[in-house]
Amino acid sequence: THLLQIDPENKPKKRCYEFLRQTSRSFAAVIQEVHEDLRDGICIFYLILRGMDTIEDDMTIPIEKKEPLLRNFHNLIFKKGWTYTESGPNEKDRQLLLEFDVVIDEFLCLKKEFRDIIADTTKKMGNGMADYAKDTVRNKYGIMTIKDFDTYCYYVAGLVGIGLTGLFATSGLEDPEFDNNIELANSMGLFLQKVNITRDYLVDDQDGRKFWPKEIWSKYTNDLSELKKPENATNALNCLSDIILNALQHVPDCLTYMSRLKEQTVFNFCAIPQVMAIATLSICFRNHDVFKKVVKLRRGESVKLILRSKNIYEVADIFRYYNRVIINKNDPRDPNYLKISMACGQIEQWC
Ligand code: PS7
Ligand code: MN
Ligand code: MN
Ligand code: MN
Ligand code: MN
Ligand code: MN
């Protein structure tokens, strides 16, 4: 009878990799290339957080339902058979939650060290998301201070960096002490999240969500949504510079983190999103298109970057290149001119 329990095609695992490809083109590409000892763990980690983020992002779920779901999500991933059927029809990752029992089955197959890290990250992130979701019901401005901005980004991305760092260390592919790099791991997540928030100004505005902190945008406008009006173009570009300056502060930490990695597939997995992020940031800088459409890297440029990002020397070269793109676009009439010039100087020094 034991033969009956062996599924030669392992359908649930295949389904998880299908979900991965459906929910993120870019993460699917890098996760599928990771060393086999880590691949399934990272894939399931991704799908769990993607599922929870789909609930966070769904503005059709009332806060009375959303808050307990987010706070309990770390328990739900242990409940065999649990699915979520109440996502709004417009949620792009609705199907993942409809079949979430498949993700849970694969989660329960992971080794205990992996499950513990994933569950702990999910618990902290879910509670952070719930706090923030409650806040935004009361406060129409969204994120207020630069400190709040870092706290929110810690919950939704810094924790991912810290959790992944734990997986790398416990897998034995990186040094067992590699998980001591908590601050650097946080910076890896913060940089990706802040670039995402910068680039997504328009889509987030259309969804009625505000992630740019008031402490920054209030220097340029009374209403973040009005920055997209053509008559506010100068203020919009200066505000964009301010938010990009904030993101650039994390770059030296990210380079240091990547310089400490040893295993090739882990390096590629970490470096490719970072390189895409600095390229995206350089395109957004002083570019009014951010307020008119979704700014994207050109396909050919991403392909070249992926092929080049094989070691820290190449990655530092790429960062230096995009850093210079920013320096060349920096405008002395921009109130952030001097600070940007200094942040870029720091990056140039690291490289
Ligand atoms: C477990 C790989 C590598 C040390 C779903 C990867 C959404 C930017 O919402 O989908 O479409 O605008 O474009 C990823 C550090 C987290 C941070 C965060 C889990 C890097 C739920 C990624 C990803 C740490 C909250 C995707 C942070 O952006 O956003 C795994 C090292 C998920 C990483 C969200 C954002 C990720 C994000 P959207 P995207
Ligand atoms: Mn996305
Ligand atoms: Mn979200
Ligand atoms: Mn999201
Ligand atoms: Mn350790
Ligand atoms: Mn976004």
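1. Two helices count as roughly antiparallel when the angle between their axes is over 145 degrees, and this cut-off is what the opening point of the note turns on. In this predicted model, helix 13, which spans residues 233-248, packs with helix 15 at an angle of about 160°, and the two are therefore roughly antiparallel to each other. Their axes lie 11 Å apart, and the crossing that helix 13 and helix 15 make is left-handed.

2. A second helix pair can be read in the same terms. The axes of helix 4 and helix 5, the latter covering residues 63-76, come within 10 Å and cross at roughly 165°, which makes helix 4 roughly antiparallel to helix 5. Where helix 4 passes helix 5, the crossing is again a left-handed one.

3. Turning to the ligand, which residues are the closest to ligand 1? They are Arg50, Val156, Gln193, Asn196 and Asp200, out of 19 residues that surround ligand 1. By class, the residues of this shell divide into 13 nonpolar, three polar and three charged.

4. The shell can also be described by the helices that contribute to it. Helix 4 (36-57), helix 9 (146-171), helix 10 (182-199) and helix 15 (264-284) each supply at least two residues of the shell around ligand 1. Helix 4 and helix 15 thus appear both here and in the packed pairs described above, helix 4 with helix 5 and helix 15 with helix 13.

5. For anyone preparing ligand 1 for calculation, the polar distances deserve to be listed one by one. A polar side-chain atom of Arg50 lies 2.5 Å from an oxygen atom of ligand 1, while an N or O atom in the side chain of Asn196 is 3.0 Å from an oxygen atom of the ligand. For Asp200, a polar side-chain atom lies 3.1 Å from an oxygen atom of ligand 1. How much of ligand 1 does the protein bury? Taken alone, ligand 1 exposes 850 Å², and the protein buries 87% of that area.

6. A last point concerns the backbone after helix 15. Arg286, which lies in the loop between helix 15 and helix 16 (299-308), has a phi near 55°, a positive value in a residue other than glycine.

Definitions and conventions
Residues numbered from 1 in each chain as written. Chains lettered and ligands numbered in written order. Predicted model: local features only at pLDDT ≥ 70, side-chain atom pairs only at ≥ 80, totals over all residues. Heavy atoms only, no water. Near = heavy atom within 4 Å. Polar contact = N/O pair within 3.5 Å; in protein donor to acceptor, adjacent residues only side chain to side chain. Areas by Shrake-Rupley, 256 points an atom, 1.4 Å probe, with all protein chains shown as cover. Helix = DSSP H or I, 4+ residues; strand = E, 2+ residues; numbered from the N terminus. Nonpolar A, V, L, I, M, F, W, Y, C, P; charged D, E, K, R; others polar. Axes fitted to C-alpha atoms, helices over the stretch in contact; angles between N-to-C directions. Parallel < 35°, antiparallel > 145°, perpendicular 65-115°, else oblique. Left-handed = near helix turned anticlockwise from the far one by under 90°.
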